[in-house]
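Trainee: I would like to take a close look at one part of this model, the empty space within the protein and its surroundings. Please treat it in one connected account.

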Amino acid sequence: MDSLLIRGGTRLRGEVQVSGSKNACLPIFAACLLTDQKCLIKNVPNLSDVNFMAQILRELGAEVSMVKDGEWEICAKKISHTAPYELVRKMRASICLLGPLSARMRRAEVSLPGGCVIGARPVDLHIKGMRALNCKTEIERGYLNVDARKIRGARVYLGGRFGSTVTGTANIMMAAVMAPGTTVIENAACEPEIADLAKMLSNMGAQIEGGGTHTITITGVPRLGGTSHTVIPDRIEAGTWITAALATKGDVTIKGAIRSHLGSFLDLLECAGCKFEYLKYDAIRVNASRLKMKPVEAVTLPYPGLPTDLQAQICALATQIDGISVITERIYPERFMHVPELSRMGANISREGPSAIICGKSRLSGAPVMASDLRASAALVIAALAAEGETKIRRIYHLDRGYDSMDKKLKSLGAKIERTPED
Ligand code: EPU
């Protein structure tokens, strides 16, 4: 387990390239199980979560190999239908194997991933969706078993207490592509990662309309074929770089930042006084050298609302803004593990139910801190970059799950950062 040592106080400067999207890539890897032909996936980020998914696909019987940097070939000629606990427990996103296994094998046994530090992560909507498609489901010995022998198209409503479900939508879409008849998913998640998956499935021969909107219509086809697909850039990584540039008063050009994928986030920051330069070919320049930001009032919501996956990073930035910012979490009301660690660095943050109230600007000072989940770790990195002195962030395997070469990219922007083996 490595740690990161960051000496703060340096303004980030230069250009940084955003890698492929983790949350698009994981269901896309799972979708390769839908065909016995070869799929070539490009712009794949180098992440431990991607390696976990590759390992699970291999365990299921698929041939999976990285043909060159960022390009993976997956061929699921002969596969089994059981995704065992030992692998699934390492990554919640493995639940998105349920859809493709049910579609291809007409049977799935996927271990339930269990608890998670960011709060409850139920799968009731996934189960509701599979049942609507006329599948039988049961939970036994910690596994969710699906009997999909009589799967058929149907109307599936996927709204829940916190809005729709992203991986649930991916699952139902993948389950329905080879189900006889027509499926209409209502209140579908419309995140860009879902649109990307729909694009890949269409290229495999699926008949899908409305991917990336709230209503997705799928007409089942007998089989899918292989394809080549390029994963979209990671909007959360792009947002993380923007926040880091602002918190360090830097001047950074972020390449592979798709403006339309970041609408609500950019709007929040523009309302707080930020000015962005939107360059050609999906690049955004943030020059914060002389910027004085106003406090923010932010609420996370399903897409196209403000992503929960940027909430922690916005909290870290708000510690560097004069005035009181309020950040409310509407997707995972308990996702505030970064707050006590930021407080240890000198931030003035109080919790009020699902909201964090941040009183800035705080003089942050480096301290030993502990990463607890992926986005909380990103928030600690941002705070460390803005802090005086040295911060040691432990347990950065969380960062390696979702950020491709973050330390190397930071170094190229001038940050004083070292990766050290944990003592
Ligand atoms: N929910 C239910 N029932 C369900 C499923 C979800 O009530 O059956 C609730 C959840 O508890 C949550 C909300 O619905 O309150 C949204 O959950 P969703 O299912 O959309 O989340 P997910 O698909 O499990 C994906 C991302 C997360 C991201 C969320 C929200 C992947 C692999 N993961 O999770 O990413 O936070 O959508 O946008 O796509 C991350 O990258 O750090 C991360 C956690």
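Which helices each supply at least two residues of the lining of the largest cavity?

Mentor: The model is a predicted one, and the account below should be read on that basis. The helices in question are α13 (397-402) and α14 (406-412), each of which supplies at least two residues of the lining of the largest cavity. The space in this largest cavity is about 50 Å³. Its lining is made up of Leu4, Leu399, Asp400, Tyr403, Ser405, Met406, Asp407 and Arg419. By class, these lining residues divide into four nonpolar, one polar and three charged. The count of cavities of 30 Å³ or more comes to three. As to the principle, rolling a probe the size of a water molecule over the atoms shows where empty space is left.

From the cavities one may pass to the pockets. The second largest pocket holds about 320 Å³ of space. Its lining numbers 18 residues, and those closest to the centre of the pocket are Ala247, Thr248, Lys249, Gln320 and Lys361. Two elements, α8 (235-247) and α12 (374-386), give two or more residues to this lining. In terms of class, the lining of the second largest pocket comprises nine nonpolar, four polar and five charged residues.

Lys361, named among the residues closest to the centre of that pocket, also deserves attention for its backbone. The peptide bond that joins Gly360 and Lys361 is cis, with omega about 0°. Lys361 lies in the loop between β21 (355-360) and β22 (368-370). A second cis peptide bond runs from Tyr303 to Pro304, where omega is near 10°. Pro304 has its place in the loop between β18 (297-299) and α10 (311-318). A further backbone feature concerns Asn187, a residue other than glycine whose phi is positive, near 55°. Asn187 is situated in the loop between β11 (182-186) and α7 (192-203). For context, most residues other than glycine have a negative phi, and most peptide bonds are trans.

The ligand and its surroundings complete the picture. Around the ligand there are 23 residues, of which Asp124, Thr165, Thr167, Asp309 and Ile331 come nearest. Polar backbone atoms take part in contacts with the ligand: one of Leu125 is 2.7 Å from a ligand oxygen atom, and one of Val166 is likewise 2.7 Å from an oxygen atom of the ligand. From the side chain of Asn23, a polar atom lies 3.1 Å from an oxygen atom of the ligand. On its own the ligand has 820 Å² of accessible area, and the protein covers 89% of this. The elements that give two or more residues to the shell around the ligand are α1 (22-31), α5 (124-132), α6 (166-176) and α12. Of the shell, α5 provides the largest share, three residues. Helix α12 thus recurs in this account, as it gives two or more residues to the lining of the second largest pocket and also two or more to the shell around the ligand.

With regard to composition, the shell around the ligand divides into 11 nonpolar, six polar and six charged residues. Both domain 1 (2-18 + 233-421) and domain 2 (22-230) contribute, with at least three residues of the shell drawn from each.

Notes. Residues are numbered from 1 along each chain as its sequence is written. This is a predicted model: local features need pLDDT of at least 70, side-chain atom pairs count only at pLDDT 80 or more; totals for chains, interfaces and linings use all residues. Side-chain values use heavy atoms; hydrogens and water are left out. On a 1 Å grid over the protein atoms alone, a cavity is a set of points where a 1.4 Å probe fits but cannot get out, and a pocket is an open set with protein on both sides within 12 Å along at least five of seven lines; lining residues have an atom within 4 Å of a point. Grid points are joined across faces, edges and corners, and a volume is the space filled by probe spheres set on the points. Helices (H or I, at least four residues) and strands (E, at least two) are DSSP runs, numbered from the N terminus. Ala, Val, Leu, Ile, Met, Phe, Trp, Tyr, Cys and Pro count as nonpolar, Asp, Glu, Lys and Arg as charged, and the others, Gly among them, as polar. A residue is near a molecule or strand if one of its heavy atoms lies within 4 Å of it. A polar contact is a pair of N or O atoms within 3.5 Å; within protein, one must be able to donate a hydrogen and the other to accept it, and residues adjacent in sequence count only if both atoms are side-chain atoms. Accessible areas come from the Shrake-Rupley method with a 1.4 Å probe; for residues, only the protein chains shown count as cover. Domain bounds come from an automatic or database domain assignment.
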